[in-house]
Every structure is written in C-alpha cells, then in structure tokens.
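This report looks at a single protein chain. Please keep the sequence and the 3D view open while reading.

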Amino acid sequence: MKTQRSQAVLLALVLSIAAPAAPFADTPTAPNYTIRFVNGEFTPSRSIPSSLGYTANRFLVQFDHPITETEKRELADRGLRLLEYVPNMTYFARFDAGGNLSDPGRFGVRWTGTPTVEQKMAAILSRGEIPDWMRRGGDLIQVTVALHRDEDIGQWVSNISSALSAQVLGWQNISNAAE
C-alpha cells in the first residue's frame, strides 16, 4: 500500500512538473523581421517581388528564414551576391551584371528595399547634431565615409555632391573612404 501511494505521489509530481510546459512546447516563436541599423530600426511589411534583376546599386534583401550555405551558393550562381548581414535575416546585396532571380519566393525572399540616407549615417548626423570636432569653420564640416570595397569612389563623390548639394573638398582612395 505504501509503495502504491509513493508511486502515485511520484506520478502526480512528475505530471505537475511536466504539465505547465506542455502547452508551450509546440508553440513556435514568431520570426523577428526588425532590421536594425546603428541609428535605428524598422520592420518592413512583407512584399515579395515577382522577380529581381541587375541593378548597379546595392540593396537590402530580407528572407523569411535563416538561409543556408546551399541557398547562398544557389543565389550566387544566379548572380545575387549577399555582401553583409544586417539583423534580422537581412543582407546588403548586389547583382552581378546579367544576374537575375526570376523566382525570389522560392528562396524565401520576403522584402527588398534600399536604406535611406538617414539609416546609413551616424545617429548624431541624422538628428542634425554636428559635434564641434567635425566643424571646420563656417558651414564646413568634415566627415569620413567608408565605402564597399568594389564601389567607385569618384562616382560616389559625384552622386553625393548632387544629392546633398554638398561640395566635396577632396578625397583619396587609400582605404576606400571619402572625407
């Protein structure tokens, strides 16, 4: 009798410990699609393009799952180069000339887009706060801009000068950075 009672208490104890965990055991965690930059974050709405093709610009591509090395190789074979990881499940990417991805949904692409200038800048600059150490007198400021290894610095200087109505006083391609 005492043995049966001990077994019943032990069974009740095991069930009471296991029972609370049971409803949560099969509940999947929802994926987090928030893209995090140094100066902020945003969560893009799902928008699957019907196809992706060559563009000279870099862009962001977000997947609906963590992609595998096999998927990365398949994407590279189609001309899509994943350059740098940006949390969550997002990469800076570019296409090789002639690259094309006619079925992005097959790879779990959930969104593509380009970061804004503010998302690329240091947080203090995007808020309009220019520290004294950047000021060079009058309206002049000095900034250093790091570019991707394969970017044409001369083209970038031309584009940024036009886009920001800025005068670039000089640049040198020592470390692929512009000041």
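The text below covers confidence, the nonpolar cores, one buried arginine and the salt bridges.

**Confidence**

The model is predicted, so it helps to begin with how confident the predictor is in each residue, a value called pLDDT. The chain has a mean pLDDT of 77, and 76% of its residues reach 70 or more. Among the elements of the chain, the lowest mean pLDDT, 49, belongs to helix H1 (residues 2-25), while H2 has the highest, 94. Over residues 8-16 the pLDDT stays under 50, and for this stretch the model has zero contacts beyond four places in sequence.

**Nonpolar cores**

In soluble globular proteins, nonpolar side chains tend to be buried together. The largest nonpolar core in this model has 13 residues. Those that touch the most other members are Phe59, Val61, Phe63, Leu75, Leu80, Phe95 and Leu101. Two elements, E4 and strand E6 (90-95), give two or more residues to this core.

Phe59 can serve as an example. Leaving aside neighbours within four places in sequence, the residues in contact with Phe59 include Leu80, Phe95 and Thr112. Tyr91, Phe92, Ala93 and Arg94 are also among them.

There is also a second, separate core, made of six residues. Ile35, Phe37, Val86 and Phe92 are among its members.

**A buried arginine**

Arg110 lies in strand E8, which covers residues 109-113. Which side chain of opposite charge is nearest to Arg110, and how far away is it? The nearest one is Asp64, at 6.9 Å. A salt bridge requires the charged nitrogen and oxygen atoms to be within 4 Å, so this distance does not qualify. Arg110 is therefore buried without a salt bridge, given that buried means under 20% relative accessible area.

Arg110 does have polar partners. The side chain of Gln62 makes a polar contact with the side chain of Arg110 at 2.6 Å. In addition, a polar atom of the Arg110 side chain lies 3.2 Å from the backbone oxygen of Pro44. Beyond four places in sequence, the residues in contact with Arg110 include Tyr33, Ser45, Arg46, Phe63 and Asp64.

**Salt bridges**

The structure holds eight salt bridges. Three of them are listed here, with the distance between the N and O atoms.

| Positive residue | Negative residue | N to O distance |
|---|---|---|
| Arg46 | Asp64 | 3.9 Å |
| Arg94 | Asp96 | 2.9 Å |
| Arg135 | Asp132 | 3.9 Å |

Asp64, the residue named above beside Arg110, forms a salt bridge with Arg46. Arg46 sits in the loop between strand E2 (40-42) and strand E3 (52-53), and Asp64 in the loop between strand E4 (59-63) and helix H2 (69-77), so the pair ties together parts that are 18 residues apart in sequence. Both partners are partly exposed: Arg46 has a relative accessible area of 47%, and Asp64 has 28%.

In the second pair, Arg94 is partly exposed at 23% relative accessibility, and Asp96 is partly exposed at 22%.

Are the partners in the third pair exposed or partly exposed? Asp132 is exposed, with a relative accessible area of 66%, whereas Arg135 is partly exposed at 42%. Finally, salt bridges that share partners join Arg81, Arg94 and Asp96 into one network.

Methods. Residues are numbered from 1 along each chain as its sequence is written. This is a predicted model: local features need pLDDT of at least 70, side-chain atom pairs count only at pLDDT 80 or more; totals for chains, interfaces and linings use all residues. Side-chain values use heavy atoms; hydrogens and water are left out. Helices (H or I, at least four residues) and strands (E, at least two) are DSSP runs, numbered from the N terminus. Buried means under 20% relative accessible area, exposed over 50%, partly exposed in between (1.4 Å probe, protein chains only). Lys and Arg count as positive and Asp and Glu as negative; His and the chain ends are not counted. A polar contact is a pair of N or O atoms within 3.5 Å; within protein, one must be able to donate a hydrogen and the other to accept it, and residues adjacent in sequence count only if both atoms are side-chain atoms. Contact means heavy atoms within 4.5 Å. pLDDT is the predictor's confidence in each residue, from 0 to 100. A nonpolar core is a set of buried Ala, Val, Leu, Ile, Met, Phe, Trp, Tyr and Cys residues joined through side-chain atoms within 4.5 Å.
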